[in-house]
Amino acid sequence: MSEATPPAAAPTPATGSVRRTLASIVLTFEVVVVFLGALVIWGLAPTENGTWDLPPWVALAAGGALILGLVATIGLLRFSWGYIVGWVLQVLIIAAGFLNPAMFFVGAIFGGMWWYCMVAGARIDRDRTATADPGKEQE
């Protein structure tokens with residue numbers, strides 16, 4: 001009385017955006033680097049007033065806010081404006097070089113990685129779209 005049903009085919013994994021994946025990777029690594037950078041800036045600050053007459057705890061608070069921004073941006077990458085937020089965070093990380101000059105170098109490295117991920121990821125996504133649906137990339 002029971003009919004044998006054929007086994008369901010395994011679902012094919014959805015192909016996500018390479019640009020989004022690469023951006024998430026860069027932002028995740030930046031979380032670690034910003035955490036360590038904030039600790040360095042805090043640790044190098046004099047006990048009374050740090051750089052620009054700011055108390056040393058400001059470095060930890062600013063670093064924490066930047067980390068929260070990075071983590072939030074990972075989730076916001078599903079929107080096109082999330083990438084703009086990512087660019088703003090890259091500029092803020094480079095601007096941290098005014099507190100510790102080594103951050104100019106670190107920010108430039110990650111900014112370059114972010115730029116490359118945006119360019120290469122978009123190109124790969126365009127190529128995937130062109131391969132999957134030859135007429136769709138012109139729309």
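With which residues is leucine 70 in contact, once its neighbours within four places in sequence are left aside? In this predicted model, the partners of leucine 70 are Leu27, Glu30, Val31, Val34, Leu89 and Ile93. To see where these contacts belong, it helps to begin with the chain as a whole.

The protein chain holds four helices and zero strands, so that, in the α-α-α-α order read from the N terminus on, every element is a helix. Of the 139 residues in the chain, 29% are buried, and the accessible surface comes to about 9300 Å², with 70% of that area belonging to carbon and sulfur atoms. When contacts are taken between residues at least 6 apart in sequence, 65% of them join residues that are at least 24 apart.

The largest nonpolar core contains 20 residues, and the two that touch the most other members are Leu70 and Trp114. Two or more residues are given to this core by each of helix H1 (18-44), H2, helix H3 (81-95) and helix H4 (102-132), and the largest share, six residues, comes from H1.

Threonine 73 offers a second view from helix H2, which spans residues 57-76. Its relative accessibility is 1%, and because buried means under 20%, threonine 73 counts as buried. Beyond the residues up to four places away in sequence, threonine 73 touches Leu27, Gly82, Val85, Gly86 and Leu89. Leu27 and Leu89 appear in this list and also among the contacts of leucine 70.

Helix H3 can be followed in more detail. It has 15 residues and reaches 21 Å from its first C-alpha to its last, close to the 21 Å expected at 1.5 Å a residue. Its buried residues are Gly82, Tyr83, Gly86, Leu89, Gln90 and Ile93. Because these residues cover an arc of only 105° around the axis, they lie on the same side of H3. The spacing of such a set can be read against a general rule: an α-helix has 3.6 residues a turn, so residues three or four places apart point the same way. The buried residues of H3 pack against H1, H2 and H4, whereas the face turned away from the buried side carries the exposed residues Ile84 and Val91.

Aromatic rings add another set of relations, and a search of the whole structure finds three aromatic pairs. In one of them, the rings of tryptophan 87 and tryptophan 114 have their centres 6.3 Å apart and their planes at 90°, and the pair is edge-to-face because an angle over 60 degrees is classed that way. This pair links distant parts of the chain, since tryptophan 87 is in helix H3 and tryptophan 114 is in helix H4, 27 residues apart. How do the two partners stand with respect to the surface, buried or exposed? Tryptophan 114 counts as buried because its relative accessibility is 0%, while tryptophan 87, with a relative accessible area of 36%, is partly exposed.

Phenylalanine 98 and phenylalanine 104 form an aromatic pair that is also edge-to-face, with 5.2 Å from centre to centre and 85° between the planes. Here phenylalanine 98 counts as exposed, because its relative accessibility is 54% and the cut-off is over 50%, and phenylalanine 104 is partly exposed, with a relative accessible area of 33%.

Terms used. Residues are numbered from 1 along each chain as its sequence is written. This is a predicted model: local features need pLDDT of at least 70, side-chain atom pairs count only at pLDDT 80 or more; totals for chains, interfaces and linings use all residues. Side-chain values use heavy atoms; hydrogens and water are left out. Buried means under 20% relative accessible area, exposed over 50%, partly exposed in between (1.4 Å probe, protein chains only). Contact means heavy atoms within 4.5 Å. A nonpolar core is a set of buried Ala, Val, Leu, Ile, Met, Phe, Trp, Tyr and Cys residues joined through side-chain atoms within 4.5 Å. Accessible areas come from the Shrake-Rupley method with a 1.4 Å probe; for residues, only the protein chains shown count as cover. The expected span of a helix is 1.5 Å times one less than its number of residues. The arc is that of the directions from the helix axis to the C-beta atoms. Rings of Phe, Tyr and Trp (its six-membered ring) pair if their centres lie within 6.5 Å; planes under 30 degrees apart count as stacked, over 60 as edge-to-face and the rest as tilted.
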